[in-house]
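Reader: I'd like a close look at one part of this fold, with the angles and contacts spelled out. Could you take your time over it?

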Amino acid sequence: PLNGLAPFGVQVVKEMNRIGMIVDISHVHEQTMLSTLEVTRAPVMFSHSSTRALCAHPRDVPDAVLEKLKVNRGIVMVVFLSKFVAGEFWVRGGQVGATIIEVADHIDHAVKIAGIDHVGIGGDFDGGSLFAKGCEDVTCYIMLTAELLYRGYTEEQLGKILGLNAIRVMEECEEVSKKMKEEGELANEAHFGEELYETNIMKGIK
C-alpha cells in the first residue's frame with residue numbers, strides 16, 4: 001500500500017527474517033521501502049534497482065532510502081534495463097537508450113550514498129528486454145568491470161560489487177534466522193484473510 005506495509009506485511013517480513021529468507025524490495029513503493037527497513041531485523045536486498053537521483057523511475061531507490069540501507073547493512077543491485085537506468089527516452093549520440101556509462105554512473109552514486117559495502121549488480125536478464133548498450137548479457141560484465149577499473153575502483157572494491165556484498169547479505173540473513181530461533185521465535189501463522197486458493201485435492205484433481 002502507498003502508506004507502507006500493512007499489518008500482514010509486517011508479519012510477513014518478520015517471518016521471512018525468522019526462516020532466513022531475503023526480503024527483496026525492488027518492486028515496492030518508497031514508503032514500503034522505508035517501512036520494511038524499520039521492521040526487518042535482517043539486511044534487505046534491492047535485487048534489480050538503480051538510483052532515483054539519476055533516473056526518476058518509481059522502481060529506483062531514493063537517496064533517503066539508500067542512506068537507511070547502509071544502516072540496515074543491505075544491498076542495492078544496480079539493474080541494466082535501459083528504462084530504469086536512464087528513462088524511456090534517453091538519447092546519447094543520436095541513439096535512444098542507456099549505455100554502460102550510465103550503469104556505471106548509478107554504481108558510482110549508490111557507492112557515494114550507501115557505501116561500497118552495500119552495492120552490487122542485478123542485471124535482470126530473465127525479466128526484461130532493452131538493456132543498456134554494453135550490458136546486454138553476462139558476457140558484458142567484463143566491460144562493466146573495465147569501466148569501473150577505469151573510474152578508479154580497486155580489485156577489492158570490485159569483488160564486493162561483483163558478488164561478495166550479495167553473499168554477505170545472504171550470510172547475515174541466515175545469522176539473523178539462527179538467532180531468532182535460538183530466542184524461541186515461533187513460526188508465524190498469520191495469513192491474508194480468507195484462503196484465496198483451492199488445493200488440487202479440493203478440486204478433485206489427482
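Does D124 count as buried or exposed, and at what relative accessibility? After that, please walk me through helix 3 and what its buried residues pack against.

Author: Happy to, with the reminder that this is a predicted model. D124 counts as buried, because its relative accessibility is 16% and the cut-off for buried is under 20%. You'll find D124 in the loop between strand 6 (119-121) and helix 6 (141-150). Its backbone is worth a glance too: phi of D124 is near 65°, a positive value in a residue other than glycine.

That makes a handy bridge to helix 3, since R73, just after that helix, also has a positive phi, of about 70°. R73 is likewise a residue other than glycine, and its place is in the loop between helix 3 and strand 3. As for accessibility, R73 comes out at 39%, so it counts as partly exposed.

Before zooming in, a bit of context. The protein chain has eight helices and six strands, in the order α-β-α-β-α-β-α-β-β-α-β-α-α-α along the sequence. There are 206 residues, and 46% of them count as buried. If you take contacts between residues at least 6 apart in sequence, 71% join residues at least 24 apart.

Now for helix 3 itself, which covers residues 63-72 and has V65, L66, L69 and N72 buried. Looking down the axis of helix 3, those buried residues fall within an arc of 110°, so they line one face of the helix. The general background is that an α-helix has 3.6 residues a turn, so residues three or four places apart point the same way. What do the buried residues of helix 3 pack against? Two helices and two strands are the partners: helix 2 (30-39), helix 5 (100-114), strand 2 (44-46) and strand 3 (75-78).

Take the helix 2 side to start with. The axes of helix 2 and helix 3 come within 10 Å and cross at roughly 20°. Angles under 35 degrees count as roughly parallel, and helix 2 and helix 3 are therefore roughly parallel to each other. The crossing of helix 2 past helix 3 is left-handed. On the helix 2 side you have E30, M33, L34 and L37, meeting V65, K68, L69 and N72 of helix 3. Sorted by class, that contact of helix 2 with helix 3 has five nonpolar, one polar and two charged residues.

The helix 5 side is another story to tell. Helix 3 and helix 5 pack at an angle of about 60°, their axes 8 Å apart. That angle makes helix 3 oblique to helix 5. Helix 3 passes helix 5 in a right-handed crossing. From helix 3, the contact uses D63, L66, E67 and K70, while helix 5 brings H109, A110, I113 and A114. The residues of this contact of helix 3 with helix 5 split into four nonpolar, one polar and three charged.

So what does the picture of helix 3 add up to? Its buried residues line one face, helix 2 lies roughly parallel to helix 3, helix 3 sits oblique to helix 5, and R73 follows with its positive phi just after the helix.

Key
Residues numbered from 1 in each chain as written. Predicted model: local features only at pLDDT ≥ 70, side-chain atom pairs only at ≥ 80, totals over all residues. Heavy atoms only, no water. Buried < 20%, exposed > 50% of the residue type's maximum accessible area, 1.4 Å probe, protein only. Helix = DSSP H or I, 4+ residues; strand = E, 2+ residues; numbered from the N terminus. Arc of directions from axis to C-beta. Contact = heavy atoms within 4.5 Å. Axes fitted to C-alpha atoms, helices over the stretch in contact; angles between N-to-C directions. Parallel < 35°, antiparallel > 145°, perpendicular 65-115°, else oblique. Left-handed = near helix turned anticlockwise from the far one by under 90°. Nonpolar A, V, L, I, M, F, W, Y, C, P; charged D, E, K, R; others polar.
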